[in-house]
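Biologist: Please pick one sheet and go through it strand by strand. After that, set it beside the side-chain pairings in the rest of the chain, with distances and burial where you have them.

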Amino acid sequence: MPRKGENIYKRKDGRWEGRIRQENLLLGKKSYISVYGKTYTEVKGKMEETKNRRFQKDTSVLDMCRAANVWLEDKGKCWKPSTGATYRHVVEKYIVPCLGRMKVNQIGNRTMEEFASFLKNETPNQLSVNYLSYICAVAIRILSHVKRKYGYGIAVPENPVVKSRKCPIIPPGEYAMSVLEEYLIADSTQDSSLGILIAFYTGIRIGELCALKWEDIDFREGVIHIRKNIQRVQNAGGGDAKTTIIVQAPKTVDSVRIVPIPPVLFPLLEKNRREFSCYVVRGQKHPWADPRTVQYRFKGILEKCGLEYFNFHMLRHAFATRCIAKGFDIKSLSEILGHSDTRLTMNLYVHSTVQQKKKLMNRFDTCLYQEK
């Protein structure tokens, strides 16, 4: 039996045979050459030597520009439009201009270090360490893909940029959330305030809120169906617009979910319900609201409340933290948020509040070691 992916077999005459695929990238033809040996290890070594010798002489080795296009075409079939747009933007803006003319067998650790250094020092807008690491990771994925596809004998380089440790996320305090909640309830006849209030009480993402229609709210069952997501992505079609809006399935399979409507929210939804086909939050030029527009409206509401600005996504953090304080079990909360793993919920979205810490510290109402 051959070992998976290695094309090494034991023949009936007792010898081992290794088959190496040859592929003419221009003509699209495939053929094989064989090497032989007395042991599996010997044949595997001969195969590596043969691949390396052929690779150094191969004039059909892809340059990075073509390799990137191969990767985008092969993998793009499985990606969501937003994911593909993000990868294509990184390829077109950073990887192809810097590495596009280089053959993939010329890109090693030193080249990747120089690439990262150039992006860090020469790009007009300084890139964060984590984004630099992400760009390098995309380049490495491209190299890994063409190595697997064409059998190139290249040593895929390591990522030269180590991600920095993220700053701790501190959700808004209880006073700010209380003031915001009071304003949203009083202003719930406005679709923007009502939509933000839905996110406030359910923790849904801003793209999920923008894609939410009244038909997604089941008043009989008392639940909200999260089925779609609206997102602004880089425009791959050219033209004057740099970005475009897409409506797609939510972030992951687990993000397609049913969220129960809390009792405090239910009467507000009933009072302000509209036709099923209408979006809950509407735009001025379109029947739906752009996530960017909702961010602007949210910022305006914070200003009216006299609160310091915080990102819309902080509502999700605050919701998760409040749920844990209310006694939610982590599995149920994870499903409400649309996470595939409870660890993600705990690590990213559950934070200890100042009030909770004070409550714990107040247990020391006597000397630590002098209790009787």
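Modeller: What follows starts with the whole chain, goes through one sheet, and then turns to charged and aromatic side chains.

The model is predicted, and local features are described only where pLDDT is at least 70. The chain has 14 helices and eight strands. Of its 372 residues, 39% count as buried. The accessible surface comes to about 22,900 Å², and carbon and sulfur atoms account for 51% of that area. Taking contacts between residues at least 6 apart in sequence, 59% join residues at least 24 apart.

The sheet I have picked is an open one of three strands, in the order β4-β5-β8, with antiparallel pairing. Its edges are β4 (217–218) and β8 (257–260); each has a single partner strand, so one side of each is left without a neighbour in the sheet. On one side of the sheet, β4 is joined by two bridges to β5, which covers residues 223–226. In register terms, I217 stands opposite I224 in β5, and D218 stands opposite V223. β4 and β5 form a hairpin with four residues between the strands, and within that hairpin G222 takes a positive phi near 70 degrees.

On the other pairing, four bridges join β5 to β8, and these two strands also run antiparallel. Here I226 stands opposite R257 in β8. The side chains of β5 alternate: V223 and H225 point one way, I224 and I226 the other way, and all are buried. β5 therefore has buried residues pointing in both directions, under the cut-off of 20% relative accessible area.

Turning to charge, side chains of opposite charge can pair when their charged atoms come close. A search of the whole structure finds 13 salt bridges. One of them joins R232 and D290, with the closest N and O atoms 2.3 Å apart. R232 is in strand β6 (residues 229–234) and D290 is in the loop between α9 and α10, so this salt bridge ties together parts that are 58 residues apart in sequence. D290 is buried at 9% relative accessible area, while R232 is partly exposed at 29%. Another salt bridge pairs R282 with D191 at 3.2 Å. R282 lies in the loop between α9 (266–272) and α10 (291–305), and D191 in helix α7 (residues 191–202); the two are therefore 91 residues apart in sequence and tie those parts together. R282 counts as partly exposed at 31% relative accessibility, and D191 is buried at 13%.

A local case is the salt bridge of R110 and E114, at 3.5 Å from N to O. Both residues lie in helix α4 (residues 109–122), four residues apart, which is about one turn of the helix. R110 counts as exposed, at 65% relative accessibility, and E114 as partly exposed, at 47%.

Charges also meet rings. The charged end of R15 sits over the ring of Y36, 4.7 Å from the ring centre, and K299 lies over the face of Y309 at 6.0 Å.

For the rings themselves, the count comes to 13 aromatic pairs. Y87 and Y134 are one of these, a stacked pair with 6.4 Å between centres and 15 degrees between planes. Y87 belongs to helix α3 (residues 81–99) and Y134 to helix α5 (residues 129–150), so the pair links distant parts of the chain, 47 residues apart. Y87 is buried at 9% relative accessible area, whereas Y134 is partly exposed at 26%. F200 and Y201 make an edge-to-face pair, 5.3 Å centre to centre with 80 degrees between the planes, and both residues are buried. Ring pairs also link W71, W79, Y87, Y94, Y131 and Y134 into a cluster.

Helix α5 also holds S133. S133 counts as buried, at 5% relative accessibility. Leaving aside residues up to four places away in sequence, S133 touches N159, V161 and K163.

Technical notes
Residues are numbered from 1 along each chain as its sequence is written. Side-chain values use heavy atoms; hydrogens and water are left out. Rings of Phe, Tyr and Trp (its six-membered ring) pair if their centres lie within 6.5 Å; planes under 30 degrees apart count as stacked, over 60 as edge-to-face and the rest as tilted. Buried means under 20% relative accessible area, exposed over 50%, partly exposed in between (1.4 Å probe, protein chains only). A charge sits over a ring if NZ of Lys or CZ of Arg is within 6 Å of the ring centre and within 35 degrees of the ring normal. Contact means heavy atoms within 4.5 Å. Two strands pair if DSSP finds at least two bridges between them. Accessible areas come from the Shrake-Rupley method with a 1.4 Å probe; for residues, only the protein chains shown count as cover. A salt bridge is a side-chain nitrogen of Lys or Arg within 4 Å of a carboxyl oxygen of Asp or Glu.
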